[in-house]
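Q: Please take a close look at the enclosed space inside this protein, and then work outwards from there to the open space and the ring contacts elsewhere in the fold.

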Amino acid sequence: MTTSSSERGVSLGMPELPAPAYPDDVRARLEADAREVIARYPDSRSALLPLLHLVQSEEGHVTRTGMQFCADMLGLTTAEVTAVATFYTMYRRKPSGDYQVGVCTNTLCAVMGGDAIFEELQEHLGVGNGETTDDGKVTLEHIECNAACDFAPVVMVNWEFFDNQTPASAKRLVDDLRAGRDVEPTRGARLCTFKDTARMLAGFPDERPGAVEESGSAGPASLVGLRLARGEAAPARVVHPRDGGPHEDEPQDRQVHEPSPTEHLSSHDAPQDTSASDPAHPAGPAAEEGE
């Protein structure tokens, strides 16, 4: 007994039509930007990654039209462009929200609560991994690593950091994004849309007044190892024993370290109940390395 191609789920229809072209005005604008990007590289094909960000900034994801545009500008085949666009997860292949909310579910963030955050956000927003809310505001996804293990669990919105999150603080964060309220990252400039972020990743400056000055740098926890490597003294920190009182032999001039004004906390940061901040934490009290 044989089965037909339709019964086997095989389509024998016409090949996919060529990608539609950008409107003339859009094409002219993108070509001017693309030429500026390509001029930065001795080999034009090296400009493919920023050009993919450029076309992503136009429609919010990399379309067939965008990939054809990149191929035309760089003298590549669409197959070569598609191979790159589908390899990197930073390029979206379908329409997505104004805010890409990425929850780290790699090892450290996961055990510190990342898995719980991701699960509760899916239920709270009514979407799955890589899906977008009905209002087009938020796309939720899990990310393998945000390179911020010292602030775990971490959530990123359009690549800006929101540190030390809990399910409650993460749900408040996405609610504020959907409501259009101001949202302040823990580190980095104030948020902009995903399209605006993609244009910056293409190599164009952030033109918002004061945004560059707001960008800041690594958080204090990330710089401890660097300070120690330079031989600089770490800030004094004392964590009292679980009975809450100091040891009898503890010098009187040593004080518990309090966060400085530079240790910025996001408006959506959760309380940091860790072994370093809570003497009753199950992991036990901890002190700075070398003490």
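A: The lining of the largest cavity is made by R92, Q100, G102, E141, I143, M156, V157, N158 and W159. The model is a predicted one, and a search of the whole structure finds 1 cavity of 30 Å³ or more, with a volume of about 40 Å³. Three strands, β1 (99–104), β3 (138–143) and β4 (155–157), each supply at least two residues of this lining. In chemical character, the lining residues divide into 4 nonpolar, 3 polar and 2 charged.

Two of the cavity-lining residues, R92 and E141, also belong to the second largest pocket, where T89, Y91, R92, G130 and E141 lie nearest the centre among 20 lining residues. This pocket holds about 400 Å³ of space, and the largest share of its lining, 4 residues, comes from β3, a strand that also supplies at least two residues of the cavity lining. The pocket lining divides into 6 nonpolar, 9 polar and 5 charged residues.

Y91, one of the residues nearest the centre of that pocket, is linked by ring pairs with F87 and Y88 into a cluster. A search of the whole structure finds 3 aromatic pairs. For two of them the geometry can be described in detail, and a pair of aromatic rings is described by the distance of the centres and the angle of the planes.

Outside the cluster, the rings of Y22 and F69 have centres 5.9 Å apart and planes at 75 degrees, and the pair is therefore edge-to-face, since the planes are over 60 degrees apart. Y22 lies in the segment before α1 (24–38), whereas F69 belongs to helix α3 (residues 64–74), so this pair ties together parts that are 47 residues apart in sequence. Both partners are buried, Y22 with a relative accessible area of 9% and F69 at 1% relative accessibility. Within the cluster, the rings of F87 and Y88 have centres 5.0 Å apart and planes at 85 degrees, so that pair is edge-to-face as well. Here F87 counts as exposed, at 61% relative accessibility, while Y88 is partly exposed, with a relative accessible area of 33%.

The helix that carries F69 can be followed further. The buried residues of α3 are T65, G66, M67, F69, C70, A71 and L74. An α-helix has 3.6 residues a turn, so residues three or four places apart point the same way. What covers the buried residues of α3 includes α1, α2 (48–59) and α4 (78–85). After α3 comes G75, whose phi is positive, near 70 degrees.

Aromatic rings also take part in contacts with charged groups: R187 lies over the face of F161, at 4.1 Å from the ring centre, and the charged end of R199 sits over the ring of F204, 4.1 Å from its centre.

As for the setting of these features, the secondary structure of the protein comes to 9 helices and 5 strands, and from the N terminus on, the elements run α-α-α-α-β-α-β-β-β-β-α-α-α-α. Of the 291 residues of the protein, 36% count as buried. Among contacts with a separation of 6 or more, residues 24 or more positions apart account for 65%.

Conventions
Residues are numbered from 1 along each chain as its sequence is written. This is a predicted model: local features need pLDDT of at least 70, side-chain atom pairs count only at pLDDT 80 or more; totals for chains, interfaces and linings use all residues. Side-chain values use heavy atoms; hydrogens and water are left out. On a 1 Å grid over the protein atoms alone, a cavity is a set of points where a 1.4 Å probe fits but cannot get out, and a pocket is an open set with protein on both sides within 12 Å along at least five of seven lines; lining residues have an atom within 4 Å of a point. Grid points are joined across faces, edges and corners, and a volume is the space filled by probe spheres set on the points. Ala, Val, Leu, Ile, Met, Phe, Trp, Tyr, Cys and Pro count as nonpolar, Asp, Glu, Lys and Arg as charged, and the others, Gly among them, as polar. Rings of Phe, Tyr and Trp (its six-membered ring) pair if their centres lie within 6.5 Å; planes under 30 degrees apart count as stacked, over 60 as edge-to-face and the rest as tilted. Buried means under 20% relative accessible area, exposed over 50%, partly exposed in between (1.4 Å probe, protein chains only). A charge sits over a ring if NZ of Lys or CZ of Arg is within 6 Å of the ring centre and within 35 degrees of the ring normal. Contact means heavy atoms within 4.5 Å.
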